[in-house]
Amino acid sequence: MKKYTDHDLLIMFKSIEKKNYAFNYIINLYQERIYWHIRKILISHEDSNDVTQNTFIKVFENLIKFKGESKIYTWIYKIATNESLSFLKKNRKYFFESIDNVSSSLITNLTSENYFDGNEGEKKLQKAILTLPIKQRLTFNMKYFDNMKYKQISQILGTSVGALKANYHHAKNKIQKYLKEN
Amino acid sequence: MKQTNNIEQFDKKQSFIVPENYFSKLKSDIQFKTENLESKIGFKNYLSIKTIVPVLASVFLLLITFNYVKTFDPKSDNVLSEEIYTEFVEFEIENIDEEYLFEFLPDEEYAFSDEIEYLIDNNTDYDLIIK
């Protein structure tokens, strides 16, 4: 597959003839990474599938307005994160319930999930991650599993690099504590 | 994998899995949805001000035309045109040279009129002429 820069893709997307080509190229390039990012937040495959599709529809609708202030990938990641958080908010049991309190239902999803291939240790790690407050969980997932740089995570979550470092540190400690106790 | 409490020693492999061929299906699902979206956007564009204004103007013009056709009395115009035509013919007949009209008669008729003139000049019986 020919390599295109973000700039090339944006120009192609603005032309009527090449719009679909550019969009398909973006799907090919990012769909897996975006799906896995969403999956780590929502756990359930079906929910992640819906949210991934919604994310790319949002990308399709809004890419024309994208000014290239960040990389397309970072921008899509941001949309995916927001869509996932909105999904969690919509699916709360109670209207005023904090998004951080959805962990119990996510842990239930994890135990009943057919598409989980990890061993007991990995399941325990996932459960530990799910006990974290949402921002720490997002930071931990992006840093630990996706090896993203703090600067990039900062652009996605709109949090300072310093705060992210602190989040990651606390997240790591909490997980290790959970693993020791359970 | 070794059971450990240190997260750095965990294998970072993906523990979640997806159904077979999921990502190719995902791609076609997204493409299908965006194609539908484009046709919806196209329909929305039809409803934009740029389209609505000319459409409304056309409808307005059609209504005016329809109203004019409905209230139009063809008799009044026919009477008028007949009057004008009669006046014109009368004027032409009064002023036209007979010789000029002969130009437009077919040869036979013209010959026939010559015959009649000859018969009249020679006091021929009129009944015979008519026959």
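**Chain B against an all-helical chain A**

In this predicted model, 28 residues of chain B are in contact with 42 residues of chain A. The size of an interface is often given as the accessible area lost when the parts come together. By that yardstick, chain B and chain A bury about 3400 Å² between them, and 63% of this area sits on carbon and sulfur atoms. On the chain B side, the residues that lose the most area to chain A are Ile7(B), Phe16(B) and Phe23(B); together they make up 21% of what that side buries.

Polar links across the interface were also counted. Seven residue pairs are in polar contact between chain B and chain A, both partners being at pLDDT 80 or more. Salt bridges across the interface come to zero under the rule applied. That zero does not reflect a lack of charged residues on the chain B side: the part of chain B that touches chain A has eight charged residues, alongside eight polar and twelve nonpolar ones.

Turning to the fold of chain A, there are nine helices and zero strands, so to speak a plain run of α elements from one end of the sequence to the other. Of the 182 residues of chain A, 49% count as buried. Among its contacts between residues at least 6 apart in sequence, 60% join residues at least 24 apart.

Helix H3 of chain A covers residues 45-62, 18 residues in total. From first C-alpha to last, H3(A) reaches 25 Å, close to the 26 Å expected at 1.5 Å a residue. At the start of H3(A), a side-chain oxygen of Ser44(A) comes to within 3.3 Å of the backbone nitrogen of Glu46(A). Buried positions in H3(A) include His45(A), Ser48(A), Asn49(A) and Gln53(A), and also Val51(A), Phe56(A), Ile57(A), Val59(A) and Phe60(A). An α-helix has 3.6 residues a turn, so residues three or four places apart point the same way. Among the buried residues of H3(A) are Asn49(A), Gln53(A), Phe56(A) and Phe60(A), which can be traced with that spacing in mind.

The next helix, H4(A), spans residues 72-90 and includes Ile72(A). Ile72(A) is buried, because its relative accessible area is 0%, and the cut-off for buried is under 20%. Leaving out residues up to four places away in sequence, Ile72(A) touches Asp6(A), Leu9(A), Leu10(A), Tyr30(A) and Phe66(A). A further pairing is that of Ile72(A) with His7(A): these two are 65 residues apart in sequence, yet their C-alpha atoms are 9.3 Å apart in space.

Terms used
Residues numbered from 1 in each chain as written. Chains lettered and ligands numbered in written order. Predicted model: local features only at pLDDT ≥ 70, side-chain atom pairs only at ≥ 80, totals over all residues. Heavy atoms only, no water. Contact = heavy atoms within 4.5 Å. Buried area = accessible area lost by both parts, 1.4 Å probe. Salt bridge = Lys/Arg side-chain N within 4 Å of Asp/Glu carboxyl O. Polar contact = N/O pair within 3.5 Å; in protein donor to acceptor, adjacent residues only side chain to side chain. Nonpolar A, V, L, I, M, F, W, Y, C, P; charged D, E, K, R; others polar. Helix = DSSP H or I, 4+ residues; strand = E, 2+ residues; numbered from the N terminus. Expected span 1.5 Å × (residues − 1). Buried < 20%, exposed > 50% of the residue type's maximum accessible area, 1.4 Å probe, protein only.
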